[in-house]
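The following exercises ask the reader to work from a sequence and its structure. Each task is followed by a solution in steps.

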Amino acid sequence: MTTVTGRPDGDSLLPDAERLAADLADLSTFSESGEPGWTRQIFSDPYRASRGWVADRMRAAGLETHVDPAGNVVGRLPGRDRSKPVLMTGSHTDTVHGGGRFDGIVGVLSAIEVARRLRETGATLESDLVVVDFLGEEANTFGISCVGSRAVAGLLTPEHLDRVDDSGRRLGDVMTAFGLDPQGALDQAWAPGSVHGYVELHVEQGPLLERSGHRIGVVTAIAGIERLLVQFTGRADHAGTMPMTGRHDALVAAAQAVLTVEREGCGAPVHGVSTTGRIESSPGALNVVPDKARIWAELRSIDAPWLSGAKRRVVEQIAADAEARGVSTLIEWLNDQDPVACARSMQDRIGAAADSLGYAWEAVPSGAGHDAAHLAHLGPMGMIFLPSVGGRSHVPEELSEPADIAAGAHVLAHTLVRLDRDTA
Ligand code: GLV
Ligand code: MN
Ligand code: MN
């Protein structure tokens, strides 16, 4: 049995929904001026300032707080036996360009609220509770997501630090300029076994919970992400004089590839999506047939065999269609992450916590990437979803209702207490 003084029960850990909503509103004031939505991207000044605010909230909640070499803000609530593997929770507070106020942020602020409620109720967990605001979860201009959680899990590599963005800057140098210690980030991995369990609360970012009317999602697995860059090379010609049959139009080949990418996702039998997020062509004149084009696309699925089959089919089709137009292709894949299953034991705990609190739940996959996927390398990992209004996310309209956020935080608290009992 866990040793808690004033042992937490369902009602005592009920989050203060108003306080949580006020924290969400406060954090949303840190955003990049002149940018759409609630933009707060990695390495921006508002992001730097907001991390000071997060650290202050952690300290005020009684957490021993520091910033690690990778820039993660880490707060620790002492348990009764500090030698035990820790309970860990958290998420991220950076946003995509033009993003919203809830993605990631709900997980960090709810974790701080759970720590506050534990302290206010006089409860002491058996193990330390570690709350982390991971650096830069969203894919950045270097093509890397989850910088901080990769570092904690020992998955950040020298190759990551050597990547350069479009303006020729190296990730490691940009981290240094932001006041971080990239070499330290490579060396700081937590030991496997040092984390008894990691559980992350997150907005669903899709429509499943809203459609079914369930308040809680128990995540079964986090999708793998495969990113694709295709460069098409055709031939520039006069757009008024070259007959349609004599052209080698790189942009039309790219447009056809966009449809190939879409068709693949539409045909996924279990779970799979495919998106072309960007297209470029040159010379970009109305009176010249484009000789060059590029597309950036991604495939996502929790189903690894489907992902590898889809990669092969997409490449074969794009190359064959382009060749038929006399357009050559150069194709590169970048693996962002493989699919990761949530631990069965964590899914069971989250479901049991939701049941005991009377919240209806269902099992759902995650099509979005998460810090949790990397934390799974350190110990059992689980994720709790709460509904997103209209299933919208990565847009300024992103919204989750305060009552749903409070319910999610309540389930997070209970799951952590259940996990703690298992360490005693
Ligand atoms: C992160 O939000 C991602 O799934 O791209
Ligand atoms: Mn997120
Ligand atoms: Mn996101």
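**Exercise 1. The metal site of ligand 3**

Task: State what spacing the donors of the manganese ion (ligand 3) follow along the chain, and identify the protein donors.

Solution. Step 1: Along the chain, the donors of the manganese ion (ligand 3) follow the spacing D-x34-E-x255-H. The model under examination is a predicted one.

Step 2: The letters can now be assigned to residues. The protein donors are Asp 103 (OD), Glu 138, listed twice through OE, and His 394 (NE2), and they lie 2.0 to 2.8 Å from the ion.

Step 3: Asp 103 belongs to the loop between strand E3 (86-92) and helix H3 (105-120), and Glu 138 to the loop between strand E4 (129-134) and helix H4 (147-152), so this pair ties together parts that are 35 residues apart in sequence.

**Exercise 2. The metal site of ligand 2**

Task: Determine which residues coordinate the manganese ion (ligand 2), and which residue bridges this ion and the manganese ion (ligand 3).

Solution. Step 1: The coordinating atoms come from His 92 (NE2), Asp 103 (OD) and His 202 (NE2), at 2.0 to 2.3 Å.

Step 2: In sequence, these donor residues are spaced H-x10-D-x98-H. His 92 in strand E3 and His 202 in strand E5 (residues 195-203) are 110 residues apart, and the pair links distant parts of the chain.

Step 3: Asp 103 appears in the donor list of ligand 2 and also in that of ligand 3. Asp 103 therefore coordinates both manganese ions, given a donor cut-off of 2.8 Å. The two ions lie 3.6 Å apart.

**Exercise 3. The contact between the domains**

Task: Describe how domain 1 and domain 2 meet, beginning with their bounds.

Solution. Step 1: The domain assignment gives domain 1 as 10-223 + 339-423 and domain 2 as 224-337. The C-alpha centres of domain 1 and domain 2 are 34 Å apart. To the contact, domain 1 contributes 17 residues and domain 2 contributes 13 residues.

Step 2: The size of an interface is often expressed as the accessible area lost when the parts come together. Between domain 1 and domain 2 the buried area is about 1,100 Å², and carbon and sulfur atoms give 52% of that area. Ala 223, Pro 339 and Gly 367 supply 42% of the area that domain 1 buries against domain 2, more than any other three residues.

Step 3: Turn to the polar links. The count between domain 1 and domain 2 is one salt bridge, and there are four residue pairs in polar contact between domain 1 and domain 2. A salt bridge is formed by Asp 336 and Arg 150, whose closest N and O atoms are 3.4 Å apart.

Step 4: On the side of domain 1 that touches domain 2, the elements giving two or more residues are strand E6 (216-222), strand E12 (361-366) and helix H12 (372-375). By class, this side of domain 1 has eight nonpolar, six polar and three charged residues.

**Exercise 4. Side-chain links of helix H1**

Task: Identify which residues Arg 19 is in contact with, leaving aside its neighbours within four places in sequence, and which residue meets Asp 23 in a salt bridge.

Solution. Step 1: Arg 19 is located in helix H1. With those neighbours left aside, Arg 19 is in contact with Glu 113, Arg 116, Arg 117 and Glu 120.

Step 2: Arg 19 and Glu 113 are 94 residues apart in sequence, yet 8.3 Å apart in space, C-alpha to C-alpha. The side chains of Arg 19 and Glu 120 are joined by a polar contact of 2.6 Å.

Step 3: Asp 23 meets Arg 57 in a salt bridge of 3.0 Å, N to O. Asp 23 in helix H1 and Arg 57 in helix H2 are 34 residues apart, and the pair links distant parts of the chain. The count of salt bridges comes to 29.

**Exercise 5. Backbone geometry**

Task: State where the cis peptide bond lies and which residue has a positive phi although it is not a glycine.

Solution. Step 1: The cis peptide bond joins Ser 282 and Pro 283, with omega about 10 degrees. Pro 283 is placed in the loop between strand E8 (273-282) and strand E9 (292-301).

Step 2: The residue with the positive phi, about 70 degrees, is Phe 43. Phe 43 lies in the loop between helix H1 (17-27) and helix H2 (45-60).

Methods
Residues are numbered from 1 along each chain as its sequence is written. Chains are lettered from A and ligands numbered from 1 in the order in which they are written. This is a predicted model: local features need pLDDT of at least 70, side-chain atom pairs count only at pLDDT 80 or more; totals for chains, interfaces and linings use all residues. Side-chain values use heavy atoms; hydrogens and water are left out. Domain bounds come from an automatic or database domain assignment. Contact means heavy atoms within 4.5 Å. Buried area is the accessible area (1.4 Å probe) that two parts lose on being put together, summed over both. A salt bridge is a side-chain nitrogen of Lys or Arg within 4 Å of a carboxyl oxygen of Asp or Glu. A polar contact is a pair of N or O atoms within 3.5 Å; within protein, one must be able to donate a hydrogen and the other to accept it, and residues adjacent in sequence count only if both atoms are side-chain atoms. Helices (H or I, at least four residues) and strands (E, at least two) are DSSP runs, numbered from the N terminus. Ala, Val, Leu, Ile, Met, Phe, Trp, Tyr, Cys and Pro count as nonpolar, Asp, Glu, Lys and Arg as charged, and the others, Gly among them, as polar. Donors are N, O and S atoms within 2.8 Å of the metal (3.2 Å for Na, K and Ca); water is not among the atoms, so sites may look incomplete.
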